[in-house]
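Welcome! Here are a few short exercises to help you find your way around a structure that is new to you. Take a look, try each task, and then follow the worked solution.

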Amino acid sequence: MYSAIDDNENLSMVYFQDFVLEGFGGGLETQALLFTLFLALYMVTLLGNILMIIIITLDARLHSPMYFFLKNLSFVDLCYSSVIAPNALANFFSSSKVITFAGCATQFFFISLLATTECFFLGVMAYDRFMAICSPLRYPSTMCQSACTRLVLGAYCGGCFNSVVQTSFTFHLPFCSSNRINHFFCDVPPLLQIACGNTAINELLLFGICGLIIVGVMFVILISYGYITVTILRMRSGTGRHKIFSTCGSHMTVVTLFFGTAFVMYAQPGAIESMEQGKVVSVFYTLVIPMLNPLIYSLRNKDVKEAVQRLGQKHTAIRRMCCG
């Protein structure tokens with residue numbers, strides 16, 4: 001990575017070995033408050049997603065395609081926050097706030113990979129609900145174990161493709177005059193701000209690929225829920241309607257939160273210039289949403305709540321056997 005400096009019309013190259021993550025402004029009290037907030041969000045995120053993975057793994061009644069995808073979503077959320085939060089927490093009280101060029105590129109790669117994969121997972125989960133509700137007779141054969149595995153691998157491959165493209169194009173740019181990133185992690189908009197040369201191709205890739213992914217997945221979700229809504233309206237059973245609304249309502253809440261913030265951050269012109277607003281939005285989709293996802297699915301899902309009760313009863317029975 002280098003900087004181009006023009007001194008009396010003589011072009012010299014200054015090499016930067018590190019970036020500096022500026023993070024949030026403010027004094028020591030502000031930094032301490034933000035540290036506490038980030039730590040609390042991250043701890044709840046870890047606890048919630050790990051518990052969701054354990055519950056789905058241990059309870060045989062949750063070994064279905066829907067919960068298979070939900071377990072993978074929890075794993076992605078867990079990794080996503082872990083790529084960002086520990087480094088951000090360390091930087092709150094660091095005087096240098098330095099991240100190496102390789103470290104920044106690595107963080108950028110995994111953030112892009114996991115965020116894109118989560119986007120695809122939400123589309124896959126909508127398709128799963130469509131098949132389960134609208135074509136229940138075909139559901140077991142269509143969403144068999146091999147098909148579910150292929151869908152998960154496809155989501156990861158799609159995320160990897162976008163990540164490779166974004167990372168390679170971004171970190172092949174020359175960075176000039178400053179190595180200070182106006183953010184608390186390595187993301188596309190702040191990196192493009194400190195790049196020299198023409199970044200039009202990078203912005204086109206950012207808005208084009210991310211916009212295409214968001215619009216494409218949203219199209220799948222809207223079509224799926226359009227058919228689901230028609231099917232629900234035709235149902236005569238109030239109990240069946242309530243169960244479907246409970247499951248689909250949780251998913252739609254997660255979809256709204258995720259795609260709303262993703263659109264604000266990446267899929268609209270002018271997103272690159274609003275860094276201060278971008279930091280706040282970034283906190284929401286990197287820490288708040290991964291924390292809320294397991295809470296939304298557990299609090300609004302009867303099957304998950306019953307699974308938690310069964311695991312609690314088993315734990316109590318085991319303790320009584322050991323103590324007795």
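**Exercise 1. Describe the protein chain as a whole, beginning with its surface.**

Solution. Start on the outside: the accessible surface of the protein chain comes to about 16,200 Å², and carbon and sulfur atoms own 67% of that area. Keep in mind that this is a predicted model. Next, look inside: of the 324 residues in the protein chain, 49% are buried, where buried means under 20% relative accessible area. Then count the elements: the protein chain has ten helices and five strands. Finally, turn to the contacts with a separation of 6 or more: 77% of them join residues 24 or more positions apart.

**Exercise 2. Work out the order of the strands in the open sheet, and how they pair.**

Solution. Begin with the order, which is β4-β3-β5, three strands with mixed pairing. The edges belong to β4 (98-100) and β5 (180-181); each has a single partner strand, so one side of each is left without a neighbour in the sheet.

Now take the pairs one by one.

- β3 and β4 run antiparallel, paired over three bridges. Here Phe 19 has Ile 99 in β4 as its bridge partner.
- β3 (residues 18-21) pairs with β5 in the parallel sense, over two bridges. Opposite Val 20 you will find Arg 180 in β5.

**Exercise 3. Which strands does helix α3 touch as it packs on the sheet?**

Solution. Find helix α3 at residues 101-134. Following its contacts leads you to β3, β4 and β5. To finish, compare directions: that of helix α3 makes about 80 degrees with that of β4.

**Exercise 4. Compare the transmembrane regions listed by UniProt with the model.**

Solution. First read the record: the unreviewed UniProt entry places "transmembrane region" at residues 32-56, 68-88, 108-127, 147-165, 204-228, 249-268 and 280-299. Then check two of these spans in the model. Residues 32-56 are 100% helix and 0% strand, with end C-alpha atoms 36 Å apart. Residues 204-228 are likewise 100% helix and 0% strand, and their end C-alpha atoms lie 35 Å apart.

Methods. Residues are numbered from 1 along each chain as its sequence is written. This is a predicted model: local features need pLDDT of at least 70, side-chain atom pairs count only at pLDDT 80 or more; totals for chains, interfaces and linings use all residues. Side-chain values use heavy atoms; hydrogens and water are left out. Two strands pair if DSSP finds at least two bridges between them. Helices (H or I, at least four residues) and strands (E, at least two) are DSSP runs, numbered from the N terminus. Contact means heavy atoms within 4.5 Å. Axes are lines fitted to C-alpha atoms, for helices over the stretch in contact, and angles run from 0 to 180 degrees between N-to-C directions. UniProt positions are given in the numbering used here, feature names are shortened, and annotations may be inferred rather than shown by experiment. Buried means under 20% relative accessible area, exposed over 50%, partly exposed in between (1.4 Å probe, protein chains only). Accessible areas come from the Shrake-Rupley method with a 1.4 Å probe; for residues, only the protein chains shown count as cover.
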